[in-house]
Amino acid sequence: MAAALQQTPITFRSRSPPSAQLQSKPTSKLSLSSSFKLTRLTIKPYLRRGGRGGACGARMANTASASYANALADIAVANGSLAETAADVEKLVDKFFSDEAIMSYFTNPTVRIEAKREIVDEICKSMNLQPHVANFLNILVDMKRIDLIKEIVEEFDLIVNRLSNTQVATVTSVVQLEPQHLAEIAKRVQKLTGAKNVKIKTKIDESLLAGFTIRYGDSGSKLIDMSVKKQLEEIAAQLDLGDIQLVG
């Protein structure tokens with residue numbers, strides 16, 4: 001699969017404009033006027049023939065996601081662009097494939113592949129994607145696996161973190177913390193884990209009342225809870241008063 005990301009580029013042209021088929025949100029404006037060149041896709045589907053639906057279907061989907069993620073990682077490592085590739089695919093999900101209208105368009109079986117390639121052209125040009133990342137996106141379109149893009153990016157992120165010895169910590173707070181506070185948290189997590197790098201992700205949760213929590217480790221298995229909510233729960237347990245509800 002990795003080899004398919006590095007082939008001679010050709011120009012794809014749609015026989016009819018896809019704009020009539022795509023009904024995206026106002027924030028997703030594509031002119032569809034690009035002539036950006038992408039690679040022809042020649043890989044074969046990774047999924048094994050067999051059972052349908054249920055747990056088996058979920059396992060097959062997960063296997064496919066890992067396969068695509070590993071192929072992309074192989075190319076990124078080979079050309080020394082692992083960090084840049086990670087940034088590219090993260091932007092793809094954040095800026096485009098988090099939009100339900102765009103996802104619906106790409107997963108719609110009645111929309112022609114050529115029309116979808118026109119959108120791929122515009123996305124690649126507007127984001128100035130690296131050629132192998134553009135090829136990766138085109139592969140998903142051709143193989144009709146664009147529905148897996150979020151799972152693939154999650155798998156790819158795990159691979160990048162492992163290769164770069166990066167620990168991911170999710171900081172949840174009532175309000176957005178200041179950069180210096182997040183930097184201090186990163187230092188503490190680095191000391192706890194011995195990781196070379198620490199990536200901080202933030203979430204807002206008003207139910208914490210005040211303070212913050214930190215999740216890190218494999219799949220967020222470790223928790224540091226510095227929230228007022230946790231402190232109140234501990235006080236309630238000590239006094240045997242049950243849940244404390246604040247009336248504002």
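At what angle do the axes of helix α4 (residues 113-127) and α5 cross, and within what distance do they come? In this predicted model, the two axes cross at roughly 160° and come within 10 Å. Angles over 145 degrees count as roughly antiparallel, and α4 and α5 are therefore roughly antiparallel to each other. The crossing of α4 with α5 is right-handed. On the α4 side, the contact is formed by Ile113, Lys116, Arg117, Val120, Ile123 and Cys124. These residues meet Ala134, Leu137, Asn138, Val141 and Asp142 on the α5 side. Sorted by class, the residues of this contact are 7 nonpolar, 1 polar and 3 charged.

The two helices belong to a protein of 248 residues, 38% of which are buried. Its secondary structure consists of 8 helices and 6 strands. Read from the N terminus, the order of the elements is β-β-α-α-α-α-α-α-β-α-β-β-β-α. Among contacts with a separation of 6 or more, 74% are between residues 24 or more positions apart. The accessible surface amounts to about 14,800 Å², and carbon and sulfur atoms account for 51% of this area.

Helix α5 (residues 131-142) also packs against helix α2 (residues 82-97). Here the axes are 10 Å apart and the angle is about 45°. An angle of this value falls outside the ranges for roughly parallel, roughly perpendicular and roughly antiparallel, and α2 and α5 are therefore oblique to each other. The crossing of α2 and α5 is right-handed. The residues in contact are Thr85, Asp88, Val89, Leu92 and Phe97 from α2, and His132, Val133, Phe136 and Leu137 from α5. This set comprises 6 nonpolar, 2 polar and 1 charged residues. Leu137 of α5 is listed in the contact with α2 and also in the contact with α4.

A further partner of α2 is helix α6, which spans residues 149-163. The axes of α2 and α6 cross at roughly 155° and come within 10 Å. This angle makes α2 roughly antiparallel to α6. The crossing of α2 with α6 is left-handed, whereas that of α2 with α5 is right-handed. From α2, the residues Leu82, Thr85, Ala86, Val89, Val93 and Phe97 take part in the contact with α6. Their counterparts in α6 are Ile149, Lys150, Val153, Phe156, Val160 and Leu163. The contact of α2 with α6 contains 10 nonpolar, 1 polar and 1 charged residues. Thr85, Val89 and Phe97 of α2 appear in this contact and are also listed in the contact with α5.

Two residues of α6 can be set side by side. Ile149 lies in helix α6 and has a relative accessibility of 0%. Residues under 20% count as buried, so Ile149 is classed as buried. Apart from neighbours within four places in sequence, Ile149 is in contact with Phe97, Met103, Leu137 and Leu140. Of these, Phe97 is in α2 and Leu137 is in α5. The C-alpha atom of Ile149 is 9.1 Å from that of Val89, although the two residues are 60 residues apart along the chain. Glu151 is also found in helix α6. With a relative accessible area of 34%, Glu151 is partly exposed. Its C-alpha atom is separated by 10.0 Å from that of Tyr68, a residue 83 residues away along the chain.

Loops on either side of α6 each contain a residue with a positive phi. Lys144 is located in the loop between α5 and α6. This residue has a positive phi of about 55° although it is not a glycine. The relative accessibility of Lys144 is 65%; the cut-off for an exposed residue is over 50%, so Lys144 counts as exposed. Asn165 is located in the loop between α6 and β3 (166-173). Asn165, which is not a glycine, likewise has a positive phi of about 55°. At 39% relative accessibility, Asn165 counts as partly exposed.

Conventions. Residues numbered from 1 in each chain as written. Predicted model: local features only at pLDDT ≥ 70, side-chain atom pairs only at ≥ 80, totals over all residues. Heavy atoms only, no water. Axes fitted to C-alpha atoms, helices over the stretch in contact; angles between N-to-C directions. Helix = DSSP H or I, 4+ residues; strand = E, 2+ residues; numbered from the N terminus. Parallel < 35°, antiparallel > 145°, perpendicular 65-115°, else oblique. Left-handed = near helix turned anticlockwise from the far one by under 90°. Contact = heavy atoms within 4.5 Å. Nonpolar A, V, L, I, M, F, W, Y, C, P; charged D, E, K, R; others polar. Buried < 20%, exposed > 50% of the residue type's maximum accessible area, 1.4 Å probe, protein only. Areas by Shrake-Rupley, 256 points an atom, 1.4 Å probe, with all protein chains shown as cover.
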